[in-house]
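Here is a short report on one structure. Take a look at the chain before reading on.

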Amino acid sequence: MKHLKTAIGLVLTGVMLFPVYWMINVSFTRDQDMRRTNWFPVNGTLDGYRAVLDQQLPYLGVSLVVGLGTVALTLLLAAPAAYSLAKLRPRGGGALSFVLLIAQMIPGIIMAMGFYAIFLSSGVLNTVPGLIVADSTLAVPFAVLILTTFMSGIPEELLQAARTDGAGVVRTFVSIVLPVSRNSLITVSLFAFLWAWSDFIFASTLDQGGDHQPITLGIYHYIGNNNQEWNAIMATAVIASVPATILLVVAQRYVAAGVTAGAVKD
């Protein structure tokens, strides 16, 4: 029975990873061989990866800036908000938590249309800061809910000891709460970065005509009405997947601890 479960697990894993393999396979396939069903790139080419190095590096750089900016803005807004909801318990905190939950159900295209009108009138349309603000709207509600759940589990005795030593609200937050909340902070940072890195809706709506565009738009430029450069598209997708893969591998144990934090109390 154990071997059967292992075999089923391997088969399911292979099915889920097959699109990744096919993406890599196509990235090495020549344009004239695209219509053939080749399980391996027999006449492989590096033209797609040369195109990435020649054309896509600026887009990758912009995506990196947008991703890191989204992480910074998300933590700047979400961490104090979560601390307030979890420990300071302001009036109307329950209603605010409900609003944050509802905010995650709003379709991205609806938010993009609203941002378009706001950004157009404020002069931040087609700019990197505007894209950072837009991407943060997806990450902040999630981050507040995750961090609130974790911070609610921080012992009151620990905070009371800090206050007894003369620490104010801000110093308690910076010196005690943030270090203790490391796993949850890493979790929300990872998700915020991945959302910004893979975003297409906000990028195509709010930064289509900008001078600095993210990698999702860089890939889209290879798709035309009469021609699709599939090896370049897949090569770009492979390269763009590397940072996300590295982050997931490095932060895996922190994410597992951060997602489950606060779910079970002793």
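What percentage of the 266 residues of the chain count as buried? The share is 38%. Keep in mind that this is a predicted model.

## Overall fold

The chain has 12 helices and 0 strands. Read along the sequence, its pattern is α-α-α-α-α-α-α-α-α-α-α-α.

The C-alpha atoms fill a box of roughly 75 × 65 × 30 Å along the principal axes. Take the contacts between residues at least 6 apart in sequence: 74% of them join residues at least 24 apart.

## Surface

The exposed area of the chain is about 15400 Å². Carbon and sulfur atoms supply 68% of that area.

## Cavities

How many cavities of 30 Å³ or more does a search of the whole structure find? It finds 2. The largest cavity holds about 40 Å³ of space.

Which helices each supply at least two residues of the lining of the largest cavity? They are α2 (47-88), α5 (128-151) and α8 (182-198).

## Lining of the largest cavity

The lining residues are Ser63, Val66, Leu131, Asp135, Ala196, Trp197, Asp199, Ala203, Pro214 and Thr216. By class, 6 are nonpolar, 2 are polar and 2 are charged. The nonpolar group includes Val66, Leu131 and Trp197. The charged residues are Asp135 and Asp199. Ser63 and Thr216 are the polar ones.

Note on methods. Residues are numbered from 1 along each chain as its sequence is written. This is a predicted model: local features need pLDDT of at least 70, side-chain atom pairs count only at pLDDT 80 or more; totals for chains, interfaces and linings use all residues. Side-chain values use heavy atoms; hydrogens and water are left out. On a 1 Å grid over the protein atoms alone, a cavity is a set of points where a 1.4 Å probe fits but cannot get out, and a pocket is an open set with protein on both sides within 12 Å along at least five of seven lines; lining residues have an atom within 4 Å of a point. Grid points are joined across faces, edges and corners, and a volume is the space filled by probe spheres set on the points. Helices (H or I, at least four residues) and strands (E, at least two) are DSSP runs, numbered from the N terminus. Buried means under 20% relative accessible area, exposed over 50%, partly exposed in between (1.4 Å probe, protein chains only). Contact means heavy atoms within 4.5 Å. Accessible areas come from the Shrake-Rupley method with a 1.4 Å probe; for residues, only the protein chains shown count as cover.
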